[in-house]
Amino acid sequence: MCAHVLVAEDDAMQAELIRRSLLAEGHTATVVHDGSAALDAVRRDRPDLVVLDLMLPVIDGFGVCRVLRQGDDIPVLMLTARAAEDDLLLGLELGADDYMTKPYSPRELMARIRTVLRRSGRTADGRREDPVVRAAGIAVDPARHEVRCDGEPVECTPAEFQILLALAGEPERVFTRRQLLQCTRGFDRASTERAVDVHIMNLRRKIEADPRSPVRLVTVFGVGYKLSGGRG
């Protein structure tokens, strides 16, 4: 998926690094350095995704996200050097689709961008695709908040749903517990990395024929978990 991405980052070096990484992935990019310019660029260019630094001048990232969510569904990936949980939760509650704390690797940022674009169901020309994410016989519908396994409905808690959505969005990718924990922010405030294991155990009961010998939601020892079985 090639997309047009708006990068709102006041650090010129960081912004240029993100821009070059996006171009290497086949995307196009517009870079702005303050929140007012970000809102102007959204109205003018209608990007497919906004990479939004929280600490912007003029209007900060919280303010930009708040305005965007008053009448727009453009996906937002927040970048922040402020790792305080309250800040991260506020960003998600304002409608950010994902967040990353600084410092981060460009490779991980590009992977997150791919996932957010896939979840949003946007094509390069801004049209909406089928938002259902399918992998390993599992269909995750973020619009309806529904999960089906081999065609049968599966009841999931909000935290389980977000974990499964992330795993299904990138089948065969190994997610660490910390990465999966980030998926539950805003839905499971008391969650810890060990609580992710509990969510995985509960999901296996729901999607595996034999939860004790999982073939879909598998453990990669010493690393984390992945959804195995490919797309579809």
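1. A word to start with: two strands pair if DSSP finds at least two bridges between them. Helices (H or I, at least four residues) and strands (E, at least two) are DSSP runs, numbered from the N terminus. With that in hand, look at Thr 176, whose bridge partner in β12 is Gly 224.

2. Some ground rules before we go on. This is a predicted model, in which local features need pLDDT of at least 70 and side-chain atom pairs count only at pLDDT 80 or more, while totals for chains, interfaces and linings use all residues. Residues are numbered from 1 along each chain as its sequence is written, and side-chain values use heavy atoms, with hydrogens and water left out.

3. Now the overall picture. The protein has eight helices and twelve strands. Of its 232 residues, 50% are buried, where buried means under 20% relative accessible area, exposed means over 50%, and partly exposed is in between (1.4 Å probe, protein chains only). Among contacts with a separation of 6 or more, 58% are between residues 24 or more positions apart; a contact here means heavy atoms within 4.5 Å.

4. Let's return to the sheet that holds Thr 176's partner strand. In what order do the three strands of this open sheet come? The order is β10-β12-β11, and the pairing is antiparallel. Strands β10 (175-176) and β11 (217-220) stand at the edges with a single partner strand each, so one side of each has no neighbour in the sheet. As background, strands of a sheet pair through backbone hydrogen bonds, either parallel or antiparallel.

5. Take the β10 side next. Two bridges link β10 to strand β12 (residues 224-227) in the antiparallel sense. Phe 175 stands opposite Tyr 225 in β12. Phe 175 has another companion too: Arg 173 lies over the face of its ring, at 4.1 Å from the ring centre. A charge sits over a ring if NZ of Lys or CZ of Arg is within 6 Å of the ring centre and within 35 degrees of the ring normal.

6. On the other side, β11 and β12 run antiparallel and are joined by four bridges. Here Val 220 stands opposite Gly 224, and Leu 217 stands opposite Leu 227. The hairpin of β11 and β12 has three residues between the strands, and in it Gly 222 takes a positive phi near 80°.

7. Which helix lies across β10, β11 and β12? That is α6 (residues 158-169), running at about 65° to β12. Helix α8 (residues 193-207) also packs on the sheet, where it touches β11 and β12, and its direction makes about 145° with that of β11. For these angles, axes are lines fitted to C-alpha atoms, for helices over the stretch in contact, and the angles run from 0 to 180 degrees between N-to-C directions.

8. Val 140 is worth finding on your screen. Val 140 lies in strand β7 and, at 0% relative accessibility, counts as buried. Its C-alpha atom is separated by 7.6 Å from that of Leu 164, although the two residues are 24 apart along the chain.

9. Why is Cys 149 not bonded to Cys 156? The sulfur of Cys 149 is 9.7 Å from that of Cys 156, its closest cysteine sulfur, and this is too far for a bond. A disulfide is a pair of cysteine sulfur atoms within 2.5 Å, and the structure holds zero of them. Cys 149 counts as buried at 8% relative accessibility, and Cys 156 counts as buried at 18%.

10. Finally, a few backbone details to check by eye. The peptide bond from Lys 102 to Pro 103 is cis, with omega near -5°, and Pro 103 lies in the loop between β5 (98-101) and α5 (106-120). Ala 136 is not a glycine, yet it has a positive phi of about 55°. Ala 136 is found in the loop between β6 (133-135) and β7 (138-141), and is buried at 10% relative accessibility. Glu 172, also a residue other than glycine, has a positive phi near 80°. Glu 172 is found in the loop between α6 and β10 and, at 37% relative accessibility, counts as partly exposed.
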